[in-house]
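Biologist: I'm new to this one, so could you walk me through a single part of it up close? Please start with the overall layout, then zoom in.

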Amino acid sequence: QVSTPENEPLFKALQPSRQQLQDALKSDFVQWCGAAVPRNFRAALHEGGSPQAKSAIEAAMKEVIQQSSQFLDKEMCGIRASAGTQRLSSACVSDVATAVRNEVKIFES
């Protein structure tokens with residue numbers, strides 16, 4: 001349905017958060033691939049490793065690698081954007097300044 005001014009609060013309340021979507025995606029990935037990969041991989045190996053099976057496994061692994069890399073790259077961009085590096089930098093500067101002051105006091109005593 002399309003959001004209207006009357007039902008917009010309901011749509012906002014029902015919309016899952018980004019974290020909820022990511023958790024669902026991870027859970028689905030484990031559920032879909034967790035049992036199927038070992039079973040199909042073992043079956044392919046027991047068949048004598050036919051060229052078609054090897055090709056299918058290699059193609060599937062390439063796809064998994066590509067999708068995983070895209071997902072991780074996207075996540076890292078989001079983490080970098082929300083990391084607050086200025087706060088970390090300020091904390092480090094403060095800690096270093098405090099350590100230097102303490103060392104100077106020890107040296108002067």
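How many helices and how many strands are there in the protein? And once that is clear, what does Glu75 form a salt bridge with?

Modeller: Sure, and one thing up front: this is a predicted model. The protein has four helices and zero strands, so reading from the N terminus you get α-α-α-α. As for confidence, the mean pLDDT is 78, with 81% of the residues at 70 or more. Among the elements, helix α4 (residues 85-108) has the highest mean pLDDT, 82, while helix α1 (residues 8-14) has the lowest, 75.

Now for the surface. About 9,600 Å² of the protein is accessible, and carbon and sulfur atoms account for 62% of that. Of the 109 residues, 6% count as buried. Keep that figure in mind, since the part you asked about involves buried residues.

Let's zoom in on Glu75. Its salt-bridge partner is Arg18, and the closest N and O atoms of the two are 3.6 Å apart. In general, side chains of opposite charge can pair when their charged atoms come close. The structure holds one salt bridge, so this pair is the one you are looking at. The two residues come from distant parts of the chain: Glu75 sits in helix α3 (residues 51-82) and Arg18 in helix α2, 57 residues apart. Is Glu75 buried or exposed? Its relative accessibility is 17%, and the cut-off for buried is under 20%, so Glu75 counts as buried.

Glu75 has another partner too. The side chains of Gln22 and Glu75 are joined by a polar contact of 2.5 Å. Gln22 belongs to helix α2, which covers residues 18-46. With a relative accessible area of 11%, Gln22 falls under the 20% cut-off, so it is buried as well. Putting this together, Glu75 of helix α3 has a salt bridge to Arg18 and a polar contact with Gln22, and both of these partners lie in helix α2.

For contrast, stay on helix α2 and look at Val30, which is also found there. At 57% relative accessibility, Val30 is over the 50% cut-off, so it counts as exposed. Val30 also belongs to a nonpolar patch on the surface, along with Phe29 and Val64, and together the three have about 250 Å² of accessible area. So helix α2 holds both a buried residue, Gln22, and an exposed one, Val30.

Technical notes:
Residues are numbered from 1 along each chain as its sequence is written. This is a predicted model: local features need pLDDT of at least 70, side-chain atom pairs count only at pLDDT 80 or more; totals for chains, interfaces and linings use all residues. Side-chain values use heavy atoms; hydrogens and water are left out. Buried means under 20% relative accessible area, exposed over 50%, partly exposed in between (1.4 Å probe, protein chains only). A polar contact is a pair of N or O atoms within 3.5 Å; within protein, one must be able to donate a hydrogen and the other to accept it, and residues adjacent in sequence count only if both atoms are side-chain atoms. Patches are made of residues with over 30% relative accessible area and no salt bridge: like charges are joined within 9 Å, nonpolar side chains (Val, Leu, Ile, Met, Phe, Trp, Tyr) within 5 Å. Accessible areas come from the Shrake-Rupley method with a 1.4 Å probe; for residues, only the protein chains shown count as cover. A salt bridge is a side-chain nitrogen of Lys or Arg within 4 Å of a carboxyl oxygen of Asp or Glu. pLDDT is the predictor's confidence in each residue, from 0 to 100.
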